[in-house]
Amino acid sequence: MKKSSFKNQLEKLIQIPPNHTYLLAVSGGADSMTLAFLFQHFRLKFEIAHINYKLRGKDSDSDQDVVQNFCEKNHIKFHLYEVSEEDNKPQNSIQVWARELRYTFFKHVQEKENLEFLVTAHHLNDQLETFIINLSKAAGLSGLSGIPSNDHNILRPLLSFTKDEIYQFAKEHHIEYREDLSNKKNDYLRNKIRNEIVPKLVETNEHFLENFKKSSSYLNQTKEFVQKQIVEIEKQLTTFNEDHIILSKNKLIQESDFVKFEILRKYGFTHEKEIVKIFSAASGSSFFSKDFQLTIHREQLIIINTNKETEIRNEYMLIENNDVSQNQMTINLENIMEEIEEINTIFEWDFDAEKLQFPLRLRRQHNGDEFYPSGFSGKKKVSKFFRDEKLSILARQKIWILTDSSNSILGIIPLRQDRRKARNEETNRILKIFNKK
């Protein structure tokens with residue numbers, strides 16, 4: 001490992017490195033202290049962040065001292081997060097908890113200090129360990145491609161260098177660092193792979209890590225090629241809307257399981273059994289990931305971002321009091337009706353105002369809603385009415401239902417009026433509700 005080779009790797013990740021700002025995640029180990037040394041050597045504009053997890057007593061404090069002393073000596077801004085009881089350290093899954101905690105802290109510092117890139121010290125041995133872990137999980141091409149060198153402004157310029165190369169570089173340049181002795185324990189899967197499996201693999205071939213680096217590069221090139229093909233396939237079966245995405249179920253089901261997985265995983269659906277259920281589920285079924293809702297509608301998969309803010313209201317006060325001073329009062333719903341899509345919005349209904357219980361409201365459909373549609377005998381469930389009208393799932397979610405103060409349905413706007421309180425020959429006072437473009 002040479003200084004020039006590191007500089008070349010960084011320039012591959014980002015053009016003109018001196019023109020940018022960086023936050024370095026530095027633990028105090030040989031890899032991250034070497035990273036800090038190199039950034040200092042090339043006079044890049046950077047700050048350093050360190051987390052003291054308080055997991056190893058005095059050793060944790062000594063790690064902090066090494067990093068903090070380096071920053072003070074070289075006049076580098078130092079950001080420290082000390083874990084406390086308020087952080088609710090779990091009994092299990094400490095690695096997952098620690099990762100989430102540190103990346104939340106790093107993001108906070110970046111936003112506060114206006115630093116463009118986060119830089120971590122992952123190296124080639126980390127890449128191999130990740131490959132083996134993902135191989136055991138059947139993670140697919142993306143997982144086998146390993147840790148990306150540039151991922152959403154997270155840079156990893158040491159990924160091409162082995163752990164031994166970094167240790168040798170640190171020794172040659174008298175870089176002070178701390179050895180985390182807990183890494184020698186096999187308490188976690190990664191440590192077991194690091195301490196037992198990787199050494200045996202390296203023993204099989206003196207060029208093992210070098211060959212793995214080439215294989216990893218080939219896998220990444222393959223992934224890039226495949227992703228371009230996936231994008232082209234997705235274009236052929238996707239319709240994008242302002243507030244939802246529609247995938248053709250008929251077209252997608254004809255693709256390989258790999259293509260299905262690659263397209264649906266973008267929306268958080270990554271479990272094989274769940275993907276199988278999506279294609280066998282009945283129309284109207286819904287599936288949920290962290291950020292998305294996928295609903296089956298006939299031969300379509302309708303995907304909505306559940307975190308996206310929406311301006312659609314769930315209830316609207318139409319008129320508060322029965323203040324019909326004359327024999328007739330009219331209400332034009334033209335502006336309100338702009339929120340309804342996919343249906344003809346022109347209608348005109350007359351009600352017997354003396355039968356109405358005010359206030360009148362517009363609301364969305366509730367489970368179990370029933371009404372007495374004009375032109376039919378008897379009553380009907382609103383959900384069945386929607387099915388009979390062949391309304392899409394999205395259209396149903398945006399329909400307004402007109403009710404009075406007793407929550408009695410007066411009509412499904414603009415499709416059908418309820419006949420019970422409609423105008424008849426004996427009506428004296430009329431309330432007209434209409435929408436005309």
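Which side chain does that of Lys380 join through a polar contact, and at what distance? The side chains of Lys380 and Asp388 are joined by a polar contact of 2.6 Å. This contact and the other views below are taken from a predicted model.

**Figure 1. Surroundings of Lys380 in strand β17.** Lys380 lies in strand β17, which covers residues 380-381. Because its relative accessible area is 19%, and buried means under 20%, Lys380 counts as buried. Beyond its neighbours within four places in sequence, Lys380 is in contact with Asp369, Glu370, Phe371, Pro373, Phe385 and Asp388. Asp388 is thus one of these contacts and also the partner of Lys380 in the polar contact of 2.6 Å.

**Figure 2. The segment annotated as a binding site.** An unreviewed UniProt entry lists Ser27, Gly28, Gly29, Ala30, Asp31 and Ser32 under "binding site". Of these residues, Gly29 and Ser32 are described here. Gly29 is placed in the loop between β1 (21-25) and α2 (30-41), and with a relative accessibility of 14% Gly29 is buried. When neighbours within four places in sequence are left aside, Gly29 is in contact with Tyr177 and Arg178.

**Figure 3. Ser32 in helix α2.** Ser32 belongs to helix α2 and is buried, at 2% relative accessibility. The Ser32 side chain reaches the backbone nitrogen of Ser27 at 3.1 Å; both residues are among those that the UniProt entry lists for "binding site". Not counting residues up to four places away in sequence, Ser32 touches Ala25, Val26, Ser27 and Ala121.

**Figure 4. The largest nonpolar core.** This core comprises 30 residues, of which Tyr22, Leu24, Leu35, Phe39, Ile48, Leu155 and Leu158 touch the most other members. At least two residues of the core come from each of α1 (3-13), β1, α2, β2 (45-52), α3 (58-74), β4 (117-119) and α7 (163-172). The greatest contribution is that of α2, with 5 residues. Leu24 touches Leu35, Ala36, Phe39, Phe46, Glu47, Ile48, Ala49 and Val119, residues up to four places away in sequence not being counted. A second core, separate from this one, has 22 residues, including Ile245, Leu252, Phe287 and Leu294.

**Figure 5. The six-stranded open sheet.** The 6 strands of this open sheet follow the order β3-β2-β1-β4-β6-β5, and their pairing is mixed. At its edges are β3 (78-82) and β5 (150-151), each of which pairs on one side only. Strands β2 and β3 run parallel and are joined by 5 bridges. Within this part of the model, Asn52 stands opposite Glu82 of β3. In general, strands of a sheet pair through backbone hydrogen bonds, in either a parallel or an antiparallel manner.

**Figure 6. Ile132 and its contacts distant in sequence.** Ile132 is part of helix α5, residues 124-136. With a relative accessibility of 15%, Ile132 is buried. Its contacts, apart from neighbours within four places in sequence, are Ile193, Ile197, Val198 and Leu201. One of these residues, Val198, is 66 residues from Ile132 along the chain, and the C-alpha atoms of the two are separated by 9.2 Å.

**Figure 7. Domain arrangement.** The domain assignment divides the protein into domain 1 (3-224), domain 2 (242-305) and domain 3 (315-435). Between the C-alpha centres of domain 1 and domain 2 the distance is 36 Å.

Terms used:
Residues numbered from 1 in each chain as written. Predicted model: local features only at pLDDT ≥ 70, side-chain atom pairs only at ≥ 80, totals over all residues. Heavy atoms only, no water. UniProt positions renumbered as here; feature names shortened; annotations may be inferred. Helix = DSSP H or I, 4+ residues; strand = E, 2+ residues; numbered from the N terminus. Buried < 20%, exposed > 50% of the residue type's maximum accessible area, 1.4 Å probe, protein only. Contact = heavy atoms within 4.5 Å. Polar contact = N/O pair within 3.5 Å; in protein donor to acceptor, adjacent residues only side chain to side chain. Core = buried A, V, L, I, M, F, W, Y, C linked by side-chain atoms within 4.5 Å. Domains from an automatic or database assignment. Pairing = 2+ DSSP bridges.
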